[in-house]
Amino acid sequence: MRMFDYRNAPFTRTFLFGSGLLSILLGIQGRSSKLGFSYQDIFQKVHLWRLIVSTFAFSSTPELVFGLGLLYYFRVFERQIGSNKYSVFVLFSLLGSSLIEVLALILLKGFNLGVLASGPYGLVFASFVPFYFDIPVTSRFHIFGGFFSNKSLVYLAGLQLLLSSWKQSLLPSICGILAGSIYRMNLLGIRRMKFPDSIASFFSRLMWSSAGASPRSSGGNFVRNVPSYGGRQVEGNYPLTTPLASVAEPPEASIATLVSMGFDRNSARQALMQARNDVNTATNILLESQSH
């Protein structure tokens with residue numbers, strides 16, 4: 001049993017590994033407190049390198065844990081739209097949020113914001129935009145008089161990260177949400193953009209080689225983008241241990257989750273039954289099915 005499942009999410013795996021390793025190395029060297037940037041760093045000292053480093057490395061262990069945990073959860077978007085388009089989303093989120101942060105520092109320079117929190121806040125909070133709109137609530141429950149859903153823990157983890165350094169983390173988080181909103185509004189057709197196949201293939205080989213595997217052996221494809229699936233017989237490397245007839249009918253909420261990702265309803269139902277109603281496994285079955 002795998003502790004982490006990165007099937008069909010090679011870009012997420014590479015990004016998490018790189019961000020985590022950079023954060024740990026800089027922390028060991030005692031440079032964590034110097035990762036962020038302020039108005040003075042950019043416009044007076046002209047330390048533009050801080051813009052790059054602060055985009056990828058977290059400055060504290062709690063931020064690292066919550067940030068990478070959320071990005072690991074959001075790998076569902078790479079599985080949904082494909083690694084190529086997802087890499088465009090990541091690039092746009094990081095560059096867009098950084099640009100908005102710089103503009104915000106100019107507008108708010110009289111508020112003494114200090115050094116902003118470092119880390120891929122832009123990507124994390126840009127991902128909350130499609131999470132809010134595109135991931136359906138599949139279950140609801142109440143604890144101590146409060147009503148929650150299956151999405152509540154993700155929102156709570158995001159709130160913890162948003163408030164981790166108060167003003168220093170609040171501004172990057174808001175800028176990330178703004179970047180994610182701009183992407184969702186599809187300004188200049190950004191949601192249709194992809195990297196050229198030559199570039200995508202190069203990064204695909206780079207990512208899989210860094211993991212010690214090949215795209216073919218792991219069932220992933222960096223240049224693939226998930227289309228809207230028609231009714232296609234589901235097949236894959238997940239043999240049934242029990243006959244379909246003896247598997248319980250999939251919950252309507254689970255079927256709706258897969259349909260929201262663009263899969264055909266009948267294919268979603270078959271995959272869920274083959275996966276014994278496990279949504280994550282069913283998603284992998286459907287993605288592998290369409291790649292054959």
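The lining of the second largest pocket divides into nine nonpolar, seven polar and two charged residues. The structure is a predicted model, and this report covers that pocket together with the largest cavity.

**The second largest pocket**

The second largest pocket has a volume of about 450 Å³. Its lining is made up of 18 residues. Tyr73, Val76, Ile135, Val279 and Asn280 are the lining residues that lie nearest the centre of this pocket. Two or more lining residues come from each of the helices α4 (61–73), α5 (76–81), α12 (252–260) and α14 (279–291).

**The largest cavity**

Four cavities of 30 Å³ or more turn up in a search of the whole structure. The largest cavity holds about 90 Å³ of space. Around it are 14 lining residues, and those nearest its centre are Ser54, Thr55, Ser98, Glu101 and Gly119. Three helices, α3 (49–56), α6 (83–107) and α7 (121–134), each give at least two residues to this lining. Helix α6 provides the largest share, with four residues. By residue class, the lining of the largest cavity has six nonpolar, seven polar and one charged.

**Lining composition**

The table sets out the lining classes of the two spaces.

| Space | Nonpolar | Polar | Charged |
|---|---|---|---|
| Largest cavity | six residues | seven residues | one residue |
| Second largest pocket | nine residues | seven residues | two residues |

Key
Residues numbered from 1 in each chain as written. Predicted model: local features only at pLDDT ≥ 70, side-chain atom pairs only at ≥ 80, totals over all residues. Heavy atoms only, no water. 1 Å grid on protein atoms, 1.4 Å probe; cavity = no way out; pocket = protein on both sides within 12 Å on 5 of 7 lines; lining within 4 Å. Points joined across faces, edges and corners; volume = space filled by probe spheres on them. Nonpolar A, V, L, I, M, F, W, Y, C, P; charged D, E, K, R; others polar.
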